[in-house]
Amino acid sequence: MMKNTIKVFVLVALTLAAMSVSAQVKLGHIETQKLIQAMPEWTAAQKTFEEEQKKVNTELNGLREQFQTKLAEYSEKMKTYSEAMRATTEEELQGLQQRIQRFQETAMAQLEKTQNDLMQPVMEKALNAKEVGKENGFTYIFDMNAGILYAAENSQDVLPLVKKKLGLQ
């Protein structure tokens with residue numbers, strides 16, 4: 001009988017402890033994409049990136065036009081060229097194609113680096129959600145853009161708090 005009383009007491013104590021722990025958990029959620037898009041730094045980074053992208057596209061289109069012009073000229077005059085001239089022109093065309101391919105590879109890598117460099121300060125600023133979490137006593141803040149499918153009713157949207165902390169809107 002005494003063992004059963006102790007078991008019941010321990011079970012009740014554990015249940016009460018679990019209830020008090022769960023009552024202390026404060027959940028929050030945020031859509032970081034919305035936060036980032038509300039930041040003027042993001043708009044400036046996007047504009048700078050798009051300008052760089054436009055420059056690269058202009059240069060790439062120039063190379064492609066140069067290739068197309070050279071190819072059209074070759075196709076038109078191919079029958080009148082000597083074997084040596086034909087071989088030389090074909091080598092030039094292949095060289096130009098390789099140049100275009102190298103340019104594309106280099107440009108894509110550079111654009112990716114530029115985008116990362118531009119977005120890094122924006123992302124660091126967005127991480128100030130941690131500070132909001134500490135200041136407001138949140139146990140967890142979940143990023144809704146990271147695949148969280150459900151936010152419980154007791155989960156608070158911290159986007160307005162983070163925007164306030166960052167001085168947005």
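Q: Why is Tyr140 called partly exposed, rather than buried or exposed?
A: In this predicted model, Tyr140 has a relative accessibility of 47%; since buried means under 20% and exposed means over 50%, the value for Tyr140 falls in between, and therefore the residue counts as partly exposed.

Q: Where does Tyr140 lie, and which nonpolar surface patch does Tyr140 help to make?
A: Tyr140 belongs to strand E2, which covers residues 140-143, and together with Val25 and Phe142 it makes a nonpolar surface patch of about 260 Å². A residue of such a patch needs over 30% relative accessible area, and Tyr140, at 47%, therefore meets that requirement.

Q: What makes the pair Glu52 and Lys55 a salt bridge?
A: The closest N and O atoms of Glu52 and Lys55 are 3.3 Å apart, and because the rule asks for a side-chain nitrogen of Lys or Arg within 4 Å of a carboxyl oxygen of Asp or Glu, the pair qualifies. Both residues lie in helix H3 (residues 40-77), where they are 3 residues apart, about one turn of the helix.

Q: Why do Glu52 and Lys55 both count as partly exposed?
A: Glu52 has a relative accessibility of 29% and Lys55 has a relative accessible area of 48%; because partly exposed covers the values between buried, under 20%, and exposed, over 50%, the term applies to Glu52 and also to Lys55.

Q: How do you know that Arg86 and Glu83 form a salt bridge, and how are they placed in helix H4?
A: Their closest N and O atoms are 3.6 Å apart, and since the limit is 4 Å, the pair is counted as a salt bridge. Within helix H4 (residues 83-126) Arg86 and Glu83 are 3 residues apart, which means that about one helical turn separates them.

Q: Why is Glu83 called exposed, whereas Arg86 is called partly exposed?
A: Glu83 has a relative accessibility of 61%, and because this is over 50%, Glu83 counts as exposed. Arg86, at 24%, is neither under 20% nor over 50%, and so Arg86 counts as partly exposed.

Q: What makes the contact of Glu135 and Lys165 a salt bridge, and which parts of the chain does the pair link?
A: The N to O distance between the side chains of Glu135 and Lys165 is 2.8 Å, and because this is within 4 Å, the pair satisfies the rule. The pair links distant parts of the chain, with Glu135 in helix H5 (residues 129-135) and Lys165 in helix H6 (residues 159-166), 30 residues apart. By the same rule the count comes to 7 salt bridges.

Q: How do you know that the buried residues of H6 line one face of the helix?
A: The buried residues of H6 are Leu159, Val162, Lys163 and Leu166. Seen down the axis of H6, these buried residues fall within an arc of 100°, and so they line one face of the helix. On the other side of H6, Pro160 and Lys164 are exposed, and after the helix comes Gly167, whose phi is positive, near 75°.

Q: How many helices and strands does the protein have, and what pattern do they follow?
A: The protein has 6 helices and 3 strands, and along the sequence they follow the pattern α-β-α-α-α-α-β-β-α. Of its 169 residues, 21% count as buried.

Methods
Residues are numbered from 1 along each chain as its sequence is written. This is a predicted model: local features need pLDDT of at least 70, side-chain atom pairs count only at pLDDT 80 or more; totals for chains, interfaces and linings use all residues. Side-chain values use heavy atoms; hydrogens and water are left out. Helices (H or I, at least four residues) and strands (E, at least two) are DSSP runs, numbered from the N terminus. Buried means under 20% relative accessible area, exposed over 50%, partly exposed in between (1.4 Å probe, protein chains only). Patches are made of residues with over 30% relative accessible area and no salt bridge: like charges are joined within 9 Å, nonpolar side chains (Val, Leu, Ile, Met, Phe, Trp, Tyr) within 5 Å. Accessible areas come from the Shrake-Rupley method with a 1.4 Å probe; for residues, only the protein chains shown count as cover. The arc is that of the directions from the helix axis to the C-beta atoms.
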